[in-house]
Amino acid sequence: MSHAVHYSIYNRRPSYLVPAAMHTRTLNAVRRLAEEVGSWQLFALLSSAALIFIVSYARHKTHINAPTVGVPPGIFGPWKASFLWMSHSEAFLREGVQKYLQSGTTFKISTPSRWLVLVTSRALIQEIKNDTSELSFHAAHQERLSLRYTFSQELYDNKYHLDIISKKLTHKLTTVIPEVLEEIAMALEENMNVNSEWTLIDNYDIMLKTISRTANKIFIGLPLCRKQDYLDAVVEFATRAATSSQTIDTFPDLLKPAVAWLITDNGAAFRAIVTDVGPLFVERKRTMEELGDRWAETPNDAIQWILDLAPPDSSIESMCMRILFLNFAAIHTSSMSITHVLLDLGAHPEFQEPLRQEIESVLREFGGWSKQALTKMKKMDSCIRESQRLNAIEIAPMIRKATKSQTLSDGTFLPKGTWVAVPASALHHSEHLYENPFVFDPFRYSRMREHPGQEAKHQLVNVDENNLGFGFGNHACPGRFFAANALKILLASIICNYDFKTSTNGRPENTYSGQSCFPDISKSLLFRERPDRVQSSANVFM
Ligand code: HEM
């Protein structure tokens with residue numbers, strides 16, 4: 001623990017009960033709006049706001065017998081709090097866990113669309129871990145992602161993409177390491193543009209480009225995975241889907257189609273993707289029909305996986321939508337995760353050398369990259385897991401929707417439609433669960449693995465009640481095995497080729513919006529090439 005450095009961002013005071021400042025800001029915003037738009041537009045906007053208010057107010061009238069966190073006093077308190085949730089969610093969760101973790105009490109928070117009930121005790125986390133049709137993960141996700149509007153209803157009705165990820169993609173892992181390595185190396189080489197001088201880089205953009213290209217190498221292969229227009233369209237689609245889904249979810253069901261039509265605007269990106277990916281499906285189907293059983297070794301890619309598992313009458317558009325959903329699930333999650341790690345290691349460059357030594361020594365021992373070599377990089381595995389502990393990108397995972405009114409075993413009544421989740425980020429920062437919880441201690445988990453009987457535990461892909469970065473239970477992230485390997489190869493490639501540090505004093509703060517935690521995506525990291533990079537074993541292809 002001697003190298004442990006204090007994670008100061010988690011020490012700031014909660015600042016969400018500032019009604020006066022809020023009112024002034026709101027009034028100013030309305031004034032500015034009135035100046036910028038005409039009176040009809042303002043009328044339409046205010047009517048929508050009034051409607052949202054009425055619906056939201058009605059939604060919050062349901063009685064749930066659990067203490068409330070983050071709600072200012074007064075009858076409109078829950079309604080006001082629901083909007084604060086969009087910027088102060090992490091502080092709310094932290095306050096709830098500080099108050100209620102020890103007693104194991106369930107608490108609730110107001111969000112724009114509904115009450116969110118947070119369970120804190122291990123017993124209750126276990127209780128909701130494997131969902132049922134009455135406490136459903138998919139029903140919650142359908143609403144959370146507004147799937148019907150941002151993707152298609154079909155994705156909800158037939159979730160064959162889950163089998164694709166957990167069976168096909170995960171099984172392909174051992175064979176794709178050289179491809180992943182090659183794509184990462186090429187993407188970094190093309191996008192980094194740094195020499196031996198410290199240079200400020202657009203790190204999030206570079207990670208996005210590298211990850212999208214690498215994931216698509218595995219999903220659809222060459223040459224499309226290197227076509228930047230295609231990758232841009234995929235990223236644009238995913239970004240628009242993610243940002244509009246939250247807004248759509250706040251409206252009543254009747255208005256959702258109109259709101260989605262107004263704000264999602266993903267048609268152009270989708271058409272571009274169908275133009276690029278559609279012919280791959282057509283061509284593959286043709287070859288399958290031509291060769292039939294004579295085609296002994298069909299390609300091992302997402303085009304084939306989808307053709308094998310999709311209902312026979314699936315349209316080309318619907319199969320392209322699955323490719324998009326795979327990208328949606330993989331790209332931003334992995335890019336944000338690696339950005340968090342880079343910011344943590346950039347704020348604490350003293351941890352880069354021990355990681356570099358581990359990578360070089362393991363690669364020498366195994367004669368290059370392999371699944372075994374990746375498994376042996378325990379410090380690196382631990383470092384990514386520790387960064388995920390401090391910066392879980394989903395701060396309240398394991399969401400379940402009560403599809404009928406019911407009562408949890410601790411007596412908490414859940415009216416139909418309520419969501420239940422687990423306050424992951426706050427549990428990850430609890431001193432009752434972690435020693436020095438606010439400290440970035442990258443080798444915390446590798447030290448734990450040194451204890452007899454613990455060697456296989458505490459790995460990045462292991463999920464449990466206290467490590468919820470990939471969720472937990474029967475809907476824990478099925479892509480985590482692929483993500484873990486890709487992140488390790490990417491981090492190793494960066495560490496062995498570059499030195500890096502934050503340009504600011506310390507680590508830039510995260511931002512929170514509802515259930516999501518975002519790393520700082522401004523240019524906040526300085527990179528320089530390492531003088532010994534050409535000799536590094538990390539660059540040796542098998
Ligand atoms: C570091 C990268 C990633 C992180 C941090 C991450 C995190 C998560 C989390 C927190 C959940 C929700 C689990 C729960 O609530 O219990 C989830 C679900 C999911 N993830 Fe990931 N994920 C990552 C990468 C990926 C990748 C690469 C894929 C696919 C290729 C993927 C596919 C999915 C899918 C399909 C689900 C929904 C599972 C279901 O419907 O049962 N994720 N992920």
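Two strands are said to pair if DSSP finds at least two bridges between them. With that term in hand, the tour may begin; the model on the screen is a predicted one.

**The whole chain**

Display the entire protein as a cartoon. Its secondary structure comes to 20 helices and 15 strands. Of its 542 residues, 43% count as buried. Among contacts between residues at least 6 apart in sequence, 76% join residues at least 24 apart.

**First stop: the six-stranded sheet**

Select strands S2, S3, S4, S10, S7 and S5. These six strands form an open sheet, in the order S2-S3-S4-S10-S7-S5, and the pairing is mixed. At the edges stand S2 (68-69) and S5 (135-136), each of which pairs on one side only.

Next, select S3 (residues 107-110) together with S4 (residues 115-118). Their pairing is antiparallel and extends over four bridges. The two strands form a hairpin, with four residues between them. To see one opposing pair, highlight phenylalanine 107, which stands opposite leucine 118 in S4.

Keep S4 selected and show its side chains. In a regular strand the side chains alternate between the two faces of the sheet. In S4, Trp115 and Val117 point one way, while Leu116 and Leu118 point the other way. Are these four residues buried or exposed? All of them are buried.

Now add S10 (419-421). S4 and S10 run parallel and are joined by three bridges. Valine 117 has valine 420 in S10 as its bridge partner.

Move on to the edge strand S5 and its partner S7 (residues 400-402). Here the pairing is antiparallel, over two bridges. Leucine 135 can be found opposite alanine 402 in S7.

**Second stop: a helix across the sheet**

Select helix H5, residues 137-144. This helix lies across S5, S7 and S10, and runs at about 100° to S7.

Continue past H5 to serine 146, in the loop between H5 and helix H6 (147-150). The phi angle of serine 146 is positive, about 45°, although this residue is not a glycine. Serine 146 is buried because 23 other C-beta atoms lie within 10 Å, and 20 or more are required for that class.

For a second residue of this kind, select asparagine 436. Asparagine 436 is in the loop between helix H18 (424-428) and strand S11 (439-440). Its phi is also positive, near 45°, in a residue other than glycine. With 13 other C-beta atoms within 10 Å, asparagine 436 is partly exposed.

**Third stop: a cis peptide bond**

Zoom in on leucine 222 and proline 223. A cis peptide bond joins these two residues, with omega at about 0°. Proline 223 belongs to the loop between helix H9 (203-219) and helix H10 (228-250).

**Fourth stop: two packed helices**

Select helices H15 (residues 352-366) and H20. Two packed helices are described by the angle between their axes and the distance between the axes. For H15 and H20 the angle is about 110°, and the axes are 9 Å apart. The two helices are therefore roughly perpendicular to each other, as angles of 65 to 115 degrees are counted in that way.

Which residues of H15 meet H20? They are Gln352, Leu355, Arg356 and Ile359, and in H20 they meet Ala492, Ile495 and Cys496. By class, this contact has five nonpolar residues, one polar and one charged.

**Fifth stop: the ligand**

Finally, select the ligand and the 26 residues around it. Those that come nearest are Ala329, Pro397, Gly471, Cys477 and Gly479. The shell divides into 16 nonpolar, eight polar and two charged residues.

Which helices each supply at least two residues of this shell? They are H8 (160-192), H14 (316-347) and H20 (480-497). H14 provides the largest share, six residues.

While H8 is selected, locate serine 166, which is found in this helix. Serine 166 counts as partly exposed because it has 14 C-beta neighbours inside 10 Å. As a last step, draw a distance from serine 166 to serine 337. Between their C-alpha atoms the distance is 20 Å, and the two residues are 171 apart in sequence.

Note on methods. Residues are numbered from 1 along each chain as its sequence is written. This is a predicted model: local features need pLDDT of at least 70, side-chain atom pairs count only at pLDDT 80 or more; totals for chains, interfaces and linings use all residues. A residue is near a molecule or strand if its C-beta atom, placed from the backbone, lies within 6 Å of it. Ala, Val, Leu, Ile, Met, Phe, Trp, Tyr, Cys and Pro count as nonpolar, Asp, Glu, Lys and Arg as charged, and the others, Gly among them, as polar. A residue is buried if 20 or more other C-beta atoms lie within 10 Å of its own, exposed if 12 or fewer, and partly exposed in between; C-beta atoms are placed from the backbone. Two residues are in contact if their C-beta atoms, placed from the backbone, lie within 7 Å. Axes are lines fitted to C-alpha atoms, for helices over the stretch in contact, and angles run from 0 to 180 degrees between N-to-C directions. Angles under 35 degrees count as roughly parallel, over 145 as roughly antiparallel, 65 to 115 as roughly perpendicular and the rest as oblique.
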